[in-house]
Amino acid sequence: MEDKLPNEGFPKVAQSTPACVQVEEGKTYAWCTCGLSEKQPFCDGKHKQIEGMPYASLKVTFEKTQEVWLCQCKKTKNPPYCDGSHNQ
Ligand code: FES
């Protein structure tokens, strides 16, 4: 069994810039909230390694096919979208 990561210092800043992603109409995406995922800005399940599992992915379904800017610093107040918080 894998060791759990201590539950401190989360969410991690995965990248200090947003990711521009093409999303598809009607498709559901899982945005990483903990910052550990290696598939940023999306979840790869790594939050399960954090002690007590306080994080879960945020599921988002888009109404149209479009390019969106998704937060990777995990400090946005409008998840999963970048709101410029990475500039602070
Ligand atoms: S990347 Fe997180 S607010 Fe911009």
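Which residue lies over the face of Phe 10? In this predicted model, that position is taken by Lys 12, which is placed at 4.7 Å from the ring centre.

Aromatic side chains were then examined across the whole structure, and the search returned four aromatic pairs. One of these pairs consists of Phe 62 and Tyr 81, whose ring centres are 6.4 Å apart and whose planes stand at 80 degrees, so the arrangement is edge-to-face. The pair connects distant parts of the chain, since Phe 62 belongs to the loop between strand 3 (58-61) and strand 4 (66-70), whereas Tyr 81 belongs to the segment after strand 4, 19 residues apart. The two partners can also be described by their accessibility: Phe 62 is buried, with a relative accessible area of 4%, while Tyr 81 is partly exposed, with a relative accessible area of 30%. Together with Tyr 29 and Phe 42, Phe 62 and Tyr 81 form one aromatic cluster.

Tyr 29 also appears in the description of strand 2 (residues 28-31), where Tyr 29 and Trp 31 make up the covered face and Thr 28 and Ala 30 the uncovered one. Strand 2 runs antiparallel to strand 3, and four bridges join the two strands; across this pairing, Thr 28 stands opposite Thr 61 of strand 3.

Both residues of the covered face of strand 2, Tyr 29 and Trp 31, are members of the largest nonpolar core, which comprises twelve residues in all and also includes Phe 42, Val 60, Phe 62, Val 68 and Leu 70. At least two residues of this core come from each of strand 1 (19-23), strand 2 and strand 4, and strand 1 gives the most, with three residues. Apart from this core lies another one, of six residues, including Cys 34, Leu 36, Ile 50 and Tyr 55.

Cysteine residues were considered last. Cys 71 and Cys 73 are both part of the largest nonpolar core, and Cys 73 is buried, with a relative accessible area of 5%. When neighbours within four places in sequence are left aside, Cys 71 is in contact with Trp 31, Pro 41, Thr 76, Pro 80, Tyr 81 and Cys 82. The structure nevertheless holds zero disulfides. For Cys 20, the nearest cysteine sulfur is that of Cys 82, at 11 Å, and because a disulfide requires sulfur atoms within 2.5 Å, Cys 20 is in no disulfide. Cys 20 is partly exposed, with a relative accessible area of 36%.

Terms used. Residues are numbered from 1 along each chain as its sequence is written. This is a predicted model: local features need pLDDT of at least 70, side-chain atom pairs count only at pLDDT 80 or more; totals for chains, interfaces and linings use all residues. Side-chain values use heavy atoms; hydrogens and water are left out. Rings of Phe, Tyr and Trp (its six-membered ring) pair if their centres lie within 6.5 Å; planes under 30 degrees apart count as stacked, over 60 as edge-to-face and the rest as tilted. Buried means under 20% relative accessible area, exposed over 50%, partly exposed in between (1.4 Å probe, protein chains only). A charge sits over a ring if NZ of Lys or CZ of Arg is within 6 Å of the ring centre and within 35 degrees of the ring normal. Two strands pair if DSSP finds at least two bridges between them. A nonpolar core is a set of buried Ala, Val, Leu, Ile, Met, Phe, Trp, Tyr and Cys residues joined through side-chain atoms within 4.5 Å. Contact means heavy atoms within 4.5 Å.
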